[in-house]
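Trainee: Could we go through this one together, from the confidence scores down to the odd backbone spots? I'll ask, you reason it out.

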Amino acid sequence: MVVAFILFLKPDGAVARLPQLTGDSLARARSNPNTKAAADAALRAILTCAPYKLPADRYSEWQEINPLRFDASQVLGR
Amino acid sequence: MKKLVLGLIVVAAFGVSSALAALRVDVTQGNIQPLPIAIPDFNAANPADTSAGANIASVVRADLQRSGLFRSLDPKSFVEQLKGVNATPTFANWRVINAQALVSGQATTQPDGRLRVDFRLWDVFEGSQMLGQQFTATPDNWRRIAHLISDAIYQRITGEKGYFDTRIVFISESGPATKRNKRLTVMDEDGANPKFLSNGYLVLTPRFNPTAQMIAYMSYISGKPRVYLFDMESGRQEMLGQFTNMTFSPRFSPDGNRVVMTLEQGGNSDIYVMDLRSRSMTRLTSDPSIDTSPSFSPDGSQIVFESDRGGSQQVYVMGADGSNPHRISFGPGKNGTPVWSPRGDLIAFTKQSAGTFRIGVMKPDGSGEHMPHLGAQRTRPDVLTHAARRTRLANLVDRYHRTQRTARPDTRRRVRPGVVSLDPVEGRTLEFPGNFAKNGSFRP
């Protein structure tokens, strides 16, 4: 099961604004409670792991991460 | 680690696209941690409801913690005192203690004497409400209200139905070793409210019917082991079928209409299914080996069972009509007492090898076999059964327990069975207090 976000980061690696679900992830999360749970968990993970340590001189390359895809099926090994 | 991975991706993208294109990142690994959740004691408008508010919150904290997917934060660490369920919390006060979810609640006795409990589940990061519900019941059912709240929170966050408002039926044993009293007992999933349903006669392997207030079990009351049905509402017991031979190991089909069981004839054991509506019996296996311990798949189309037709005790799967029996366990040792998970994705079984007993899970095609860690190696899982809503096992574990050194010359090891609930993915176990329990099963 895959959920995808758009993530905007500030130059210090902090999250610039609340990441949004992208593509068909939003529709799938609305219709399937398991997808919604995965999306919620991915969002918590994004916010918990911030701020991110990334090379400041290459900020223009990582200021927008689109898509940031989480593939839950690999995490649980089934 | 994150820096290294992103560095690699950036290098790969650089030569292809302009510097302003967005970065693409795939996250394929993670570590699973319980979600920190803060559940302060529920507010009470009237002082008389204060203890209900505290008790309900305490059961919800324990339920969610026990599931292994949540970490209920210690109320002593809370900075803010919530002002009732209709007030919006100050989320910064909860972020500072690292709560990711927060529950606010209120207990109010109504004019008609019933207890009404309102609660809200909050997302601390976003500062928004995830869920808001209310339950009303007679005051002595406060534990059920707490379990329903736990179910709602669990389902909203994990997407899976909760199993906290369920019960376990098992045989509890008491009394001295020479005159053991075995009773059919039902208790809440968290071990509370044990109630005895029978007394005196020898009863084994009780199983709930998934759709009705009925239990199937095996009893020696007639002298030989036989399968009986016990109606929990009327208290009536009824023998299943008129067989002269021994019948045992009963299990209901998922729709509650059939019971699959083992029938013994002249040293050979085979699996039969009885339709409860017509009372017709159909034989499913006809191998001269011992075929036993049948369990239905959740869609009712297949049966997993134990057979020694290949020379040693192993796990097999066949169609619910007995067609195409094929072996699925190929690991070392003897594999038996299989149970199909209610989601259909796993089969749990016991493995005996090199003198130890362990519990394992595998996929229905036999692949992916692994053993979640169980504390004591010398445990012998007696009977396995899955929780109705989730892959959680109540395995009845006979633990070998050293007797205390006493003045008595008899220092044989005494067996103290207990009910243990096991999460087969995480390997988390939970033991229930109280003496001597055997053969449990969950009720939906």
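Mentor: Sure, and one term before we start: two residues are in contact if their C-beta atoms, placed from the backbone, lie within 7 Å. Keep in mind that this is a predicted model.

Trainee: With that cut-off, how many residues of chain B are in contact with chain A?
Mentor: Count each side of the interface separately. Chain A puts 27 residues into it, and the number from chain B is 22.

Trainee: Which element gives the most to the side of chain B that touches chain A?
Mentor: Three elements of chain B each supply at least two residues there: helix H1 (2-14), strand S1 (23-27) and helix H4 (142-158). By type, that side divides into ten nonpolar, seven polar and five charged residues. The top contributor, with five residues, is S1(B).

Trainee: Which strand of chain A does S1(B) pair with, and in what sense?
Mentor: Look at the bridges, of which there are four. Phe70(A) stands opposite Val27(B), and Ile65(A) has Leu23(B) as its bridge partner. So the numbering rises together on both strands, as you'd expect from the answer: strand S3 (residues 64-71) of chain A, parallel.

Trainee: Which strands stand at the edges of the sheet that S1(B) belongs to?
Mentor: The sheet is open, with four strands in the order S2(A)-S1(A)-S3(A)-S1(B) and mixed pairing. Each edge strand has a single partner strand, so one side of each is left without a neighbour in the sheet. Those two are strand S2 (20-21) of chain A and S1 of chain B.

Trainee: What angle does the direction of helix H2 of chain A make with that of S1(A)?
Mentor: That helix, residues 33-49, packs on the sheet. It touches strand S1 (2-8), S2 and S3 of chain A. Its direction and that of S1(A) make about 35 degrees.

Trainee: Moving into chain B, are H2(B) and H4(B) oblique or parallel to each other?
Mentor: The axes of helix H2 (residues 50-66) and H4(B) come within 9 Å and cross at roughly 45 degrees. Angles under 35 degrees would count as roughly parallel, and 65 to 115 as roughly perpendicular. The pair falls in neither range and is therefore oblique.

Trainee: What is the handedness of that crossing of H2(B) and H4(B)?
Mentor: Start with who makes the contact: Ile56(B), Val59(B) and Val60(B) are among the residues from H2(B), and Ile145(B), Ile149(B) and Ile153(B) are among those from H4(B). The residues of this contact divide into eleven nonpolar, three polar and two charged. As for how H2(B) passes H4(B), the crossing is right-handed.

Trainee: Which strands does S2(B) pair with?
Mentor: S2(B) covers residues 35-38 and has three parallel bridges to one strand, residues 70-72, where Leu35(B) stands opposite Phe70(B). Two bridges join S2(B) to another strand, residues 101-109, also running parallel, and there Ala38(B) stands opposite Leu102(B). The partners are S4(B) and S5(B).

Trainee: What is the average twist in the sheet S23-S24-S25 of chain B?
Mentor: This open sheet has three strands with antiparallel pairing, and its edges are S23 (334-340) and S25 (356-362). S23(B) and S24(B) share five bridges, with Val339(B) partnered by Ala348(B). From one strand to the next, the twist averages 25 degrees.

Trainee: Which peptide bonds are cis in chain A?
Mentor: Most peptide bonds are trans. One exception leads into Pro51(A), in the loop between H2 and helix H3 (59-62), with omega about -5 degrees. The other leads into Pro67(A) in strand S3, with omega near 5 degrees. The bonds are Ala50(A) to Pro51(A) and Asn66(A) to Pro67(A).

Trainee: Which residue has a positive phi although it is not a glycine?
Mentor: Most residues other than glycine have a negative phi. This one is in the loop between strand S17 (268-275) and strand S18 (281-283) of chain B. Its phi is about 60 degrees, and the residue is Arg279(B).

Trainee: Where in chain B is the pLDDT below 50?
Mentor: Chain B averages 78, with 77% of the residues scoring at least 70. Where pLDDT is low, the predicted coordinates should not be read in detail. The stretches to handle that way include residues 386-417 and residues 433-440.

Technical notes. Residues are numbered from 1 along each chain as its sequence is written. Chains are lettered from A and ligands numbered from 1 in the order in which they are written. This is a predicted model: local features need pLDDT of at least 70, side-chain atom pairs count only at pLDDT 80 or more; totals for chains, interfaces and linings use all residues. pLDDT is the predictor's confidence in each residue, from 0 to 100. Ala, Val, Leu, Ile, Met, Phe, Trp, Tyr, Cys and Pro count as nonpolar, Asp, Glu, Lys and Arg as charged, and the others, Gly among them, as polar. Axes are lines fitted to C-alpha atoms, for helices over the stretch in contact, and angles run from 0 to 180 degrees between N-to-C directions. Angles under 35 degrees count as roughly parallel, over 145 as roughly antiparallel, 65 to 115 as roughly perpendicular and the rest as oblique. A crossing is left-handed if the near helix is turned anticlockwise from the far one by less than a right angle, and right-handed if clockwise.
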